[in-house]
Amino acid sequence: ILQKDPDCEAGQTVCQGGPEHPCYKIAYFRDVSSRVAFWEAQRACEVDGGSLLSVENTAEQQHVERLLQELSSSATGGSEGTSPSIADGDFWIGLTRADEESPQEHGSFASCPDLYRWTDGSVSHFRNWYYDEPSCGGEACVVMYHQPSAVRGLGGPYLYQWNDDRCNMKHNFICKYEPESHLVKEHGDRPGGRDADILEEHEDNSKTPAVNEEESLHVMVAGPSSTLLIYVIIPTIPVLLLILVASGTCCFQMLSRRKSRTKTSVNQSTLWISKTPKSDSAMEV
């Protein structure tokens, strides 16, 4: 993003001091209208894989100052009679006031300078404020002064010291990138490395089935009656009903036959009785 902008004087990542030291990228815009607000600068650094500059100590502050001086000297080494390409223009760094935090610390109210925090999560307490800064109020984001043509103030030249400014102001910015060794370690370059992670994952997985197997055994032992009910008794209900219906039908048929036989025998006996008197009367006559 920074390298493709035609108004951006710098944009190439600078790494010095070996893999244990961070890298930096200075974004200086000749066209003032191309400069960006604090949150835009932060987003540009994050998209590029870094973060706005955090300063851990005096040595790093001096290192960044040298980078700016080298950039300025290389830019002024062009044709004679031309004005310096790196002129006045402050640089956003990744320090901002955390107003959402509690104003009380250790039983006393915290002063305004104590409320500033690094956006990349650094816990560094190093500060390089200009003489009467921070002024606080509505100014909650921090720039590194770079105004070589400005008249000296009470705190000296307005070069490289810090000042709080409104976050919507337009400035240049400096990105910072983690050391290569840190990135390598972050991706698993440690004793065992990826193999150790796989081993730990395998151990975790091997422990989990043991618990599940024990639970499943408890389920199997605790419910034989339920299994008997589901797989044996319930499927036999239709058969039992069928047997019951068939038995009832047979019984009904047997009873019906027995009744019909009884009626037949009764009719026959009645007929025999009715015939007998007639024969007797005939004999009497």
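**Disulfides and a surface patch**

Let me start with one bond: C141 and C167 are joined by a disulfide, S to S 1.9 Å. Keep in mind that this is a predicted model. The torsion about the S-S bond of C141 and C167 is about 90 degrees, so this disulfide is right-handed. The pair links distant parts of the chain, 26 residues apart. C141 sits in strand β8, residues 141-146. C167 sits in the loop between β9 (159-165) and β10. Are these two cysteines buried or exposed? Both C141 and C167 are buried.

Next, C45 and C175. Their sulfur atoms are 2.0 Å apart, and they form a disulfide. C45 lies in helix α1, residues 38-47, and C175 in strand β10, residues 172-177, so this bond ties together parts that are 130 residues apart in sequence. The handedness here is left, with -80 degrees about the S-S bond. Again, C45 is buried, and C175 is buried too.

Now C15 and C23. They form a disulfide as well, with the sulfur atoms 1.9 Å apart. The torsion about their S-S bond is about 115 degrees, so the link is right-handed. Look at the accessibility of each partner. C15 has a relative accessible area of 45%, so it is partly exposed. C23 is at 7%, so it counts as buried; the cut-off is under 20%.

How many disulfides does the count come to? Four. Number the bonded cysteines in sequence order, and the pairing reads 1-2, 3-8, 4-5, 6-7.

What about C250 and C251? No bond between these two. The sulfur of C250 has its closest cysteine sulfur in C251, at 6.9 Å, and that is too far for a bond. The cut-off for a disulfide is 2.5 Å between the sulfur atoms. From the side of C251, the closest cysteine sulfur is the one in C250, again at 6.9 Å. C250 is partly exposed, with a relative accessible area of 44%. C251, at 43%, also counts as partly exposed.

Last item: the surface. Which residues form the nonpolar patch? They are I233, I234, I237, L241 and L244. Together they have about 470 Å² of accessible area. Take I233 from that group. I233 is in helix α5, which covers residues 224-284. Its relative accessible area is 40%, so I233 is partly exposed.

To recap. Four disulfides. C250 and C251 have sulfurs too far from each other for a bond. And there is a nonpolar patch on the surface that includes I233.

Definitions and conventions. Residues numbered from 1 in each chain as written. Predicted model: local features only at pLDDT ≥ 70, side-chain atom pairs only at ≥ 80, totals over all residues. Heavy atoms only, no water. Patch = residues over 30% accessible without salt bridge, like charges linked within 9 Å, V, L, I, M, F, W, Y side chains within 5 Å. Areas by Shrake-Rupley, 256 points an atom, 1.4 Å probe, with all protein chains shown as cover. Salt bridge = Lys/Arg side-chain N within 4 Å of Asp/Glu carboxyl O. Helix = DSSP H or I, 4+ residues; strand = E, 2+ residues; numbered from the N terminus. Buried < 20%, exposed > 50% of the residue type's maximum accessible area, 1.4 Å probe, protein only.
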